[in-house]
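Thank you for asking me to look over this structure. My comments are set out below as numbered points, to be read with the sequence and coordinates at hand.

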Amino acid sequence: MDMLNRAIARELQVSVQYMWQHVQWKGVEHYAVSEGLKETAIDEMKHAEAIAERLWYLGGKPTTQPAPIFVGNTLKEMLEFDVKAELEAINMYKEIMRLAEEEGDVATKEIFEEIEAKEEHHDFFTSLLER
Ligand SMILES: [Fe+2]
Ligand SMILES: [Fe+2]
């Protein structure tokens, strides 16, 4: 349950992080990627909600505190923060799936399998950095 709250904190973090990046992004690149960032922020909010529903069902209380948010100042800085956040999330979710499997919690494992499959965000940010 502690891990689920850490995952929620992470999803809340990136939801705000991508939303504020989308708002603060300037120049030509803004038009190229702002829609993508906007959609990604909404994806992350849905992830937070799905994990919170599971945690609540298990008898836990979902945190309201996001993990530290890194918006960044330049385009490159923002994307580097985002790639890092996605990588850390993927690693954390692998660990949660391993634990859930160990504890015989099939439903939690399935929820994280679904979320992880949708974390193609990492590829999205990585490809933007490669331009
Ligand atoms: Fe997510
Ligand atoms: Fe993500």
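The points that follow go from the overall fold to the metal site, then to the salt bridges and the surface.

1. The model is a predicted one, so the remarks below should be read as descriptions of a prediction. The protein chain has five helices and zero strands, and from the N terminus on its elements run α-α-α-α-α.

2. On overall dimensions, the C-alpha atoms of the protein chain fill a box of roughly 50 × 25 × 20 Å along the principal axes. The radius of gyration is 15 Å, which agrees with the value near 14 Å that a compact globule of 131 residues would have. Of these 131 residues, 44% count as buried.

3. Helix H3 deserves a brief comment on its geometry, since its 28 residues reach 41 Å from the first C-alpha to the last, close to the 40 Å expected at 1.5 Å a residue. Just after H3, Gly104 takes a positive phi of about 70°.

4. Which residues coordinate the iron ion (ligand 1)? The donors come from Glu11, which contributes two OE entries, together with Glu44 (OE), His47 (ND1) and Glu119 (OE), at 2.0 to 2.5 Å. In sequence, the donor residues of this iron ion (ligand 1) are spaced E-x32-E-x2-H-x71-E. The site links distant parts of the chain, with Glu11 in helix H1 (residues 2–24) and Glu119 in the loop between helix H4 (106–118) and helix H5 (121–129), 108 residues apart. Glu11 and Glu119 are both buried.

5. A second metal belongs to the description as well: Glu44 bridges the iron ion (ligand 1) and the iron ion (ligand 2), and the two ions lie 3.6 Å apart.

6. The count of salt bridges comes to ten, and one of them joins the side chains of Glu88 and Arg10 at 2.8 Å, N to O. This pair links distant parts of the chain, Glu88 being in helix H3 and Arg10 in helix H1, 78 residues apart. Are the two partners buried or exposed? Arg10 counts as buried because its relative accessible area is 11%, under the 20% limit, whereas Glu88, at 32% relative accessibility, counts as partly exposed.

7. A further salt bridge is formed by Glu116 with Lys94, the closest N and O atoms being 3.7 Å apart. Here too distant parts of the chain are linked, with Glu116 in helix H4 and Lys94 in helix H3, 22 residues apart. Glu116 is partly exposed, with a relative accessible area of 23%, and Lys94 is also partly exposed, with 48%. Elsewhere, salt bridges that share partners join Arg10, Lys84 and Glu88 into one network.

8. Within a single helix, the side chains of Lys38 and Glu35 meet in a salt bridge of 3.9 Å, N to O. Both residues lie in helix H2, three residues apart, about one turn of the helix. Lys38 is partly exposed at 38% relative accessibility, and Glu35 is partly exposed at 46%.

9. Finally, a nonpolar surface patch of about 360 Å² is made by Met1, Tyr57 and Leu58. Leu58 is found in the loop between helix H2 (28–57) and helix H3 (75–102). Its relative accessible area of 34% is over the 30% that a patch residue needs, so Leu58 can take part although it is only partly exposed.

Conventions:
Residues are numbered from 1 along each chain as its sequence is written. Chains are lettered from A and ligands numbered from 1 in the order in which they are written. This is a predicted model: local features need pLDDT of at least 70, side-chain atom pairs count only at pLDDT 80 or more; totals for chains, interfaces and linings use all residues. Side-chain values use heavy atoms; hydrogens and water are left out. Donors are N, O and S atoms within 2.8 Å of the metal (3.2 Å for Na, K and Ca); water is not among the atoms, so sites may look incomplete. Helices (H or I, at least four residues) and strands (E, at least two) are DSSP runs, numbered from the N terminus. Buried means under 20% relative accessible area, exposed over 50%, partly exposed in between (1.4 Å probe, protein chains only). Patches are made of residues with over 30% relative accessible area and no salt bridge: like charges are joined within 9 Å, nonpolar side chains (Val, Leu, Ile, Met, Phe, Trp, Tyr) within 5 Å. Accessible areas come from the Shrake-Rupley method with a 1.4 Å probe; for residues, only the protein chains shown count as cover. A salt bridge is a side-chain nitrogen of Lys or Arg within 4 Å of a carboxyl oxygen of Asp or Glu. The expected span of a helix is 1.5 Å times one less than its number of residues. The radius of gyration is taken over C-alpha atoms; the globule rule is 2.2 Å times the number of residues to the power 0.38.
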